[in-house]
Amino acid sequence: MSRESTYPGHLSVGGSQSQSQHQQLQQPGNTIDLANLPPSYLTLLQKQQEYSALQALKEASGEMLQRIEKLAEMSNIMADGGEALGQVLRNWPHVFSVLNLVDKPVEPPTSPGGTAQEEEAEPIPALIRLPYTEDPAK
C-alpha cells in the first residue's frame, strides 16, 4: 500500500539519494511515493508541516491580539464618554431648579376685600453666583 503526496521541493536533500531522485523531489507538483522514502525524511516533512502550521497560528494570534487591543481602546473611549455623560446628567437637577426660580411668574394679588399693598408679597429668591470648587478646603 503506497501513500502519495505532493512536495513543493523547497528542501535541500542530502545523503545517499541519487541525483535524479533529488531533482525529482525539488520539482513542484511532482507526486512522490512516500513508502519508498526513508523514515528520517518523512519525519522532516512532518516537522515542516508542523512548523508551517505553527507560523500560521502565530500570524493568526498576532491579528487576534491587534483586534483585541483595538477593541480595548474603543471600550476605553466609550467609558470616558459614559463618565462625561454622567457628569452632564448629574447637573440637570441644578439646571431645572434654576429655571424653576427664574420662571416663576409674578402674580398681582387679587383679593376681594383688600388692595395689593395690604397683603405681603412673597419675596422672589435672589440668584447669587458663588464660586464652586470640588475641594472644600480651598
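A residue counts as buried when its relative accessible area is under 20%, as exposed when it is over 50%, and as partly exposed in between. Keep that in your pocket for this tour of a predicted model.

**Stop 1: the whole chain.** Colour by secondary structure. You should find two helices and two strands, and walking from the N terminus you meet them in the order β-α-β-α. How much of the chain is buried? Of its 138 residues, 9% count as buried. Now switch on the surface: about 12400 Å² is exposed, with carbon and sulfur atoms supplying 57% of it.

**Stop 2: helix 2.** Select residues 39-103, which make up helix 2. Does the length add up, or what should 65 residues span? At 1.5 Å a residue, helix 2 should span 96 Å, and its end C-alpha atoms are 94 Å apart, so the two agree.

**Stop 3: a charged pair.** Still in helix 2, pick Lys47 and Glu50, which sit three residues apart, about one turn of the helix. An α-helix has 3.6 residues a turn, so residues three or four places apart point the same way. Show the side chains: Glu50 and Lys47 meet in a salt bridge, at 3.7 Å from N to O. Side chains of opposite charge can pair when their charged atoms come close. A search of the whole structure finds one salt bridge. Is Glu50 buried, partly exposed or exposed? Its relative accessible area is 48%, so Glu50 is partly exposed.

**Stop 4: the bend.** Slide along to Trp92, where helix 2 bends by about 30°. Look within the next four residues and you'll spot a proline, Pro93.

**Stop 5: a nonpolar patch.** Stay around Trp92 and add Leu85, Val88, Leu89, Val95, Phe96 and Leu99 to your selection; together with Trp92 they make a nonpolar surface patch of about 680 Å². Zoom in on Leu85, which is also in helix 2. Its relative accessibility is 52%, so Leu85 counts as exposed.

Conventions. Residues are numbered from 1 along each chain as its sequence is written. This is a predicted model: local features need pLDDT of at least 70, side-chain atom pairs count only at pLDDT 80 or more; totals for chains, interfaces and linings use all residues. Side-chain values use heavy atoms; hydrogens and water are left out. Buried means under 20% relative accessible area, exposed over 50%, partly exposed in between (1.4 Å probe, protein chains only). Accessible areas come from the Shrake-Rupley method with a 1.4 Å probe; for residues, only the protein chains shown count as cover. Patches are made of residues with over 30% relative accessible area and no salt bridge: like charges are joined within 9 Å, nonpolar side chains (Val, Leu, Ile, Met, Phe, Trp, Tyr) within 5 Å. A salt bridge is a side-chain nitrogen of Lys or Arg within 4 Å of a carboxyl oxygen of Asp or Glu. The expected span of a helix is 1.5 Å times one less than its number of residues. The bend at a residue is the angle between axes fitted to the seven residues ending there and the seven starting there.
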